[in-house]
Amino acid sequence: MIKIGEQVVIKNVRKVYRVGSEKVVALDDVSFSIDEGEVCCFLGTSGSGKSTLLNLLAGLEKPTSGTIEINGKVISKMNEKKISKFRQKHIGFIFQSYNLLPALTAVENVALPLTFRGITKSSRIKRSKDQLKKVGLGKHLKHKPTQMSGGQQQRVGIARAFVSNPEIVFADEPTGNLDSKTTKEIMGMMMEFVRENNRTMILVTHDKTIAEYADKVVYILDGNIVKIEENRNGRNTKDETQ
Ligand code: ADP
Ligand code: MG
């Protein structure tokens, strides 16, 4: 049962990988929830299980046991076809290494998530151009990934994640390959989009300064949650001044 406001509910989730005869417990026993419109950050050192958890929540992998509910739907039980439809409809994803298709232009990369949605080609192109203008790349519409800086490529990645107006955006170390100035720009841009549209964002990082953008910080160590901190700055601070 989902409580009002809860959008993502994780119950007793465990993920064990088998490598040869070895078992790797990536997630031991994880339970918590994320509210609609919340920015939630998973913080932990390398190998602690952050990406595994994010991939399970985004439906890219299945838990070994436990359940994951999004919008009241148990996604951990869906078959491939259902889950990929669910992802197309509700989820955007931003990667550390951008994951843009090298042969495609910025516009074509951003238009991709709209392909299977019954939207005409001309309106897909129009929407992706508009989204690229919003991320400040109006003059780079025809550029291919190799013709752009890391920061510009990640702006394309952000445009692609937000173009379909998903309810939840996932980001795995989105600024991991960027310098500190570009990191601030990229984080600021993602937060602006999320707050403007009251979207939910789930973010993975090993960097405490990135975690400061979040409403909720979930500390992960060796496949377990060790601490959850709520609302230390960001939204609450802003709300109080309104
Ligand atoms: P983080 O993102 O916090 O660095 P990961 O979730 O990637 O951590 O990994 C958690 C643990 O699970 C690590 O010990 C890692 O080696 C292991 N792991 C992750 N993915 C796989 C996989 N596909 N096969 C085997 N082991 C994996
Ligand atoms: Mg990782």
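**Ligand 1 and helix α6**

Mentor: In this predicted model, α1 supplies three residues to the shell around ligand 1, the largest share.

Trainee: Which elements give two or more residues to that shell?

Mentor: They are β1 (6-19), β2 (22-35) and α1 (50-57).

Trainee: What makes the oxygen of ligand 1 and the backbone of Gly 47 a polar contact?

Mentor: The cut-off is 3.5 Å between N or O atoms. A polar backbone atom of Gly 47 lies 2.7 Å from an oxygen atom of ligand 1, so the pair counts. Ser 48, with a backbone N or O atom at 3.2 Å from a ligand oxygen, passes too. So does Gly 49, at 3.1 Å through a polar backbone atom.

Trainee: How much of ligand 1 does the protein cover?

Mentor: The cover is 61% of the 560 Å² that ligand 1 has accessible on its own.

Trainee: How do the shell residues divide into nonpolar, polar and charged?

Mentor: Four are nonpolar, seven polar and one charged.

Trainee: Now α6. How do you know that its span agrees with its residue count?

Mentor: Helix α6 has 17 residues, 180-196. At 1.5 Å a residue, the expected span is 24 Å. The end C-alpha atoms are 24 Å apart, so the two agree.

Trainee: Why is Asp 179 called a cap of α6?

Mentor: A side-chain oxygen of Asp 179 sits 3.1 Å from the backbone nitrogen of Lys 181, at the N-terminal end of α6. That is within 3.5 Å, so it is a polar contact.

Trainee: What makes Ile 186 a buried residue of α6?

Mentor: Buried means under 20% relative accessible area. Ile 186 is among the buried residues of α6, as are Met 190 and Phe 193. Their cover includes β3, β6 and α5.

Note on methods: Residues are numbered from 1 along each chain as its sequence is written. Chains are lettered from A and ligands numbered from 1 in the order in which they are written. This is a predicted model: local features need pLDDT of at least 70, side-chain atom pairs count only at pLDDT 80 or more; totals for chains, interfaces and linings use all residues. Side-chain values use heavy atoms; hydrogens and water are left out. A polar contact is a pair of N or O atoms within 3.5 Å; within protein, one must be able to donate a hydrogen and the other to accept it, and residues adjacent in sequence count only if both atoms are side-chain atoms. Accessible areas come from the Shrake-Rupley method with a 1.4 Å probe; for residues, only the protein chains shown count as cover. Helices (H or I, at least four residues) and strands (E, at least two) are DSSP runs, numbered from the N terminus. Ala, Val, Leu, Ile, Met, Phe, Trp, Tyr, Cys and Pro count as nonpolar, Asp, Glu, Lys and Arg as charged, and the others, Gly among them, as polar. The expected span of a helix is 1.5 Å times one less than its number of residues. Buried means under 20% relative accessible area, exposed over 50%, partly exposed in between (1.4 Å probe, protein chains only). Contact means heavy atoms within 4.5 Å.
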